[in-house]
Amino acid sequence: METKNIYLISGMGANEKVFERLNLDGYNLNFIDWIIPHKNEAIEDYAKRMSKNIDTRGEVILIGLSFGGIMVQEIAKLIETNKIVIISSIKNRNELPALYKISSTLKLHKLIPSFFFHNTKILSKLLFGKNSESLIRIMERFFTMRDIRYSKWAMDIVVNWKESSLTTDLLHIHGTKDTVFPAKHINNAIFVEDGTHLMIFNKATTVSKHILNFLKKQD
């Protein structure tokens with residue numbers, strides 16, 4: 001049987017290492033790197049540039065983590081997509097926390113100092129809910145896109161994003177202890193007990209099982 005391709009997009013500023021504990025036997029995993037956005041680039045145009053790395057001659061399966069979940073939904077608007085999996089992400093504006101919506105209106109996110117995006121202690125606390133030397137080392141391994149143009153652009157895209165209104169078959173996996181996109185705002189998802197925003201790393205076995213069940217059920 002032909003091996004199917006999966007295309008993965010990580011969270012904001014993260015690299016392919018966030019997916020290293022996923023076990024998706026039978027599928028060929030292809031990681032799509034983040035690219036530097038053009039000045040004031042619309043998410044539709046950015047998604048079009050990222051989609052150039054996808055071979056559309058066969059079945060297209062997209063997996064996106066956090067901001068990557070938003071991006072795969074945008075890409076699915078541009079190319080024929082068979083299945084989508086989003087992890088620790090959102091499907092529409094109703095799933096955004098109130099603070100994000102307020103920031104969209106008042107432009108508060110534009111006041112965030114540049115060091116915030118590259119401070120591993122802050123990222124560790126935000127994603128795992130705690131700090132430790134080992135977690136900080138993990139952050140340093142994962143978050144390697146340090147270009148401030150990208151970081152500020154991505155934050156603006158998230159707080160202003162509108163839903164994609166897709167009809168593509170989609171699986172949403174979310175942690176009950178996600179502090180970035182709190183579970184109380186999330187609907188129509190499989191919830192992972194005690195999962196944080198980066199549960200794809202420390203609960204990879206559970207996440208992998210849900211993904212495989214979804215993909216095999218649809219075959």
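Are Phe-67 and Trp-153 buried or exposed? Select the two and take a look: Phe-67 is buried, and Trp-153 is buried as well. Keep in mind as you click around that this is a predicted model.

**Stop one: the aromatic rings**

Stay with that pair and show the side chains. The ring centres of Phe-67 and Trp-153 sit 6.1 Å apart with the planes at 70 degrees, so you're looking at an edge-to-face pair. Now colour by secondary structure. Phe-67 belongs to helix H2 (residues 67-76) and Trp-153 to helix H6 (residues 148-160), so this contact links distant parts of the chain, 86 residues apart.

Next, add Trp-34, Tyr-46 and Tyr-150 to the selection. Together with Phe-67 and Trp-153, these residues form a cluster linked by ring pairs. If you feel like hunting for others, the structure has 8 aromatic pairs in total.

**Stop two: a charge over a ring**

Jump to Phe-201 and bring up Arg-21 with it. Arg-21 lies over the face of the Phe-201 ring, 3.8 Å from the ring centre.

**Stop three: salt bridges**

There are 9 salt bridges to find in this model. Start with Arg-141 and Glu-20, whose closest N and O atoms are 3.0 Å apart. This one also ties together distant parts of the chain: Arg-141 is in helix H5 (residues 133-142), while Glu-20 is in the loop between strand S1 (4-9) and strand S2 (27-31), 121 residues away. Switch on a surface here and you'll find Arg-141 partly exposed, at 35% relative accessibility. Glu-20 is partly exposed too, with a relative accessible area of 41%.

Now select Lys-91 and Glu-95. Their side chains meet in a salt bridge at 2.7 Å, N to O. What is the relative accessible area of Glu-95? It comes to 1%, so Glu-95 counts as buried. Lys-91 has 15% relative accessibility; the cut-off for buried is under 20%, so Lys-91 falls in that class as well.

For a contrast, go to Arg-149 and Asp-147. Their salt bridge has its closest N and O atoms 2.7 Å apart. Arg-149 has a relative accessibility of 53%, so this residue counts as exposed.

**Last stop: a network**

Which residues join Lys-4 in a network of salt bridges? Select Glu-59 and Lys-83 along with Lys-4, and you have the linked trio on screen.

Note on methods: Residues are numbered from 1 along each chain as its sequence is written. This is a predicted model: local features need pLDDT of at least 70, side-chain atom pairs count only at pLDDT 80 or more; totals for chains, interfaces and linings use all residues. Side-chain values use heavy atoms; hydrogens and water are left out. A salt bridge is a side-chain nitrogen of Lys or Arg within 4 Å of a carboxyl oxygen of Asp or Glu. Helices (H or I, at least four residues) and strands (E, at least two) are DSSP runs, numbered from the N terminus. Buried means under 20% relative accessible area, exposed over 50%, partly exposed in between (1.4 Å probe, protein chains only). Rings of Phe, Tyr and Trp (its six-membered ring) pair if their centres lie within 6.5 Å; planes under 30 degrees apart count as stacked, over 60 as edge-to-face and the rest as tilted. A charge sits over a ring if NZ of Lys or CZ of Arg is within 6 Å of the ring centre and within 35 degrees of the ring normal.
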